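Hi everyone, thanks for making time. Let me put the sequence and the model up on the screen, and then we can walk through it together.

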Amino acid sequence: YTPPHMNGVLSGAKNLNYTLEIRKRSKLIDRFTGFSAAKKIVETINGGSTITNLSFAGFNPVGNILFSTIFTFNPGVLFIASAGNDNGNVSFRTPANLGLMPNVVTVGATTLSDQRVPDSNFGPAVGLSAPGEEVFSPTFFTPPLLDAGDYEFFDGTSASAPMVTGVAGLIKAI
């Protein structure tokens with residue numbers, strides 16, 4: 001550990017085989033479909049993932065069917081979904097709206113003063129909230145991370161959900 005290096009959300013975990021992957025849609029192709037997300041989720045499950053972070057939200061009926069099917073047929077996988085940042089009810093955001101399923105945790109974002117981030121989505125499917133304001137996070141970089149320029153502040157539920165994912169991984173390690 002070399003400050004300010006975070007070394008992933010499971011820094012220091014022992015006796016746990018894990019992979020930390022950052023996947024982001026291409027800036028050249030600014031399209032992200034439910035089908036491409038579902039395909040990547042199935043690939044990670046088939047690769048042995050038992051805890052998966054999903055930091056995206058949108059709504060369409062096909063995406064809702066895709067994700068609820070994947071979650072239902074993989075009861076041994078814990079899916080952690082960011083609630084989204086529209087200051088709206090998660091009932092209208094997929095996969096966040098699936099937080100009432102037994103293997104899905106939908107995560108909202110809190111401020112530095114432990115209040116709901118004003119843009120963080122809300123509703124009965126939100127099971128937990130975690131810090132989502134000014135989270136110090138690695139940028140897309142070429143290793144090694146050497147100085148503060150390799151980091152940036154990151155806000156929203158996509159910053160909160162990885163923290164919950166990391167805690168779930170640590171619990172699993174124990």
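So, how many salt bridges does the structure hold? There are two, where a salt bridge is a side-chain nitrogen of Lys or Arg within 4 Å of a carboxyl oxygen of Asp or Glu. Before I show them, a word on the source: this is a predicted model, so local features need pLDDT of at least 70 and side-chain atom pairs count only at pLDDT 80 or more, while totals for chains, interfaces and linings use all residues. Residues are numbered from 1 along each chain as its sequence is written, and side-chain values use heavy atoms, with hydrogens and water left out.

One salt bridge joins the side chains of Glu43 and Lys40, at 3.6 Å from N to O. Both residues lie in helix α1, residues 34-46, and they are three residues apart, about one turn of the helix. Helices here are DSSP runs of H or I with at least four residues, strands are runs of E with at least two, and both are numbered from the N terminus. Glu43 has 36% relative accessibility, so it counts as partly exposed; Lys40, at 39%, counts as partly exposed too. For the cut-offs, buried means under 20% relative accessible area, exposed over 50%, and partly exposed in between, with a 1.4 Å probe and protein chains only.

The side chains of Asp86 and Arg93 also meet in a salt bridge, at 2.6 Å from N to O. Asp86 is partly exposed at 44%, and Arg93 is partly exposed at 24%.

Now, please turn to the sheet. Four strands form an open sheet in the order β1-β2-β3-β4, with parallel pairing; two strands pair if DSSP finds at least two bridges between them. β1 and β4 (126-131) stand at the edges with a single partner strand each, so one side of each has no neighbour in the sheet. On average, neighbouring strands are turned by 30° against each other, direction ignored.

β1 and β2 (residues 78-82) pair over four bridges, and Thr52 stands opposite Phe79 in β2. Which side chains of β1 (residues 51-54) are buried? Thr52 and Leu54 are, pointing to one face, whereas Ile51 and Asn53 point to the other and are not buried.

At the other edge, β3 (residues 104-110) and β4 pair over five bridges, with Ala109 opposite Ala130 in β4. Helix α3 (residues 157-173) packs on this sheet and touches β1, β2, β3 and β4, contact meaning heavy atoms within 4.5 Å. The direction of α3 makes about 130° with that of β3; axes are lines fitted to C-alpha atoms, for helices over the stretch in contact, and angles run from 0 to 180 degrees between N-to-C directions.
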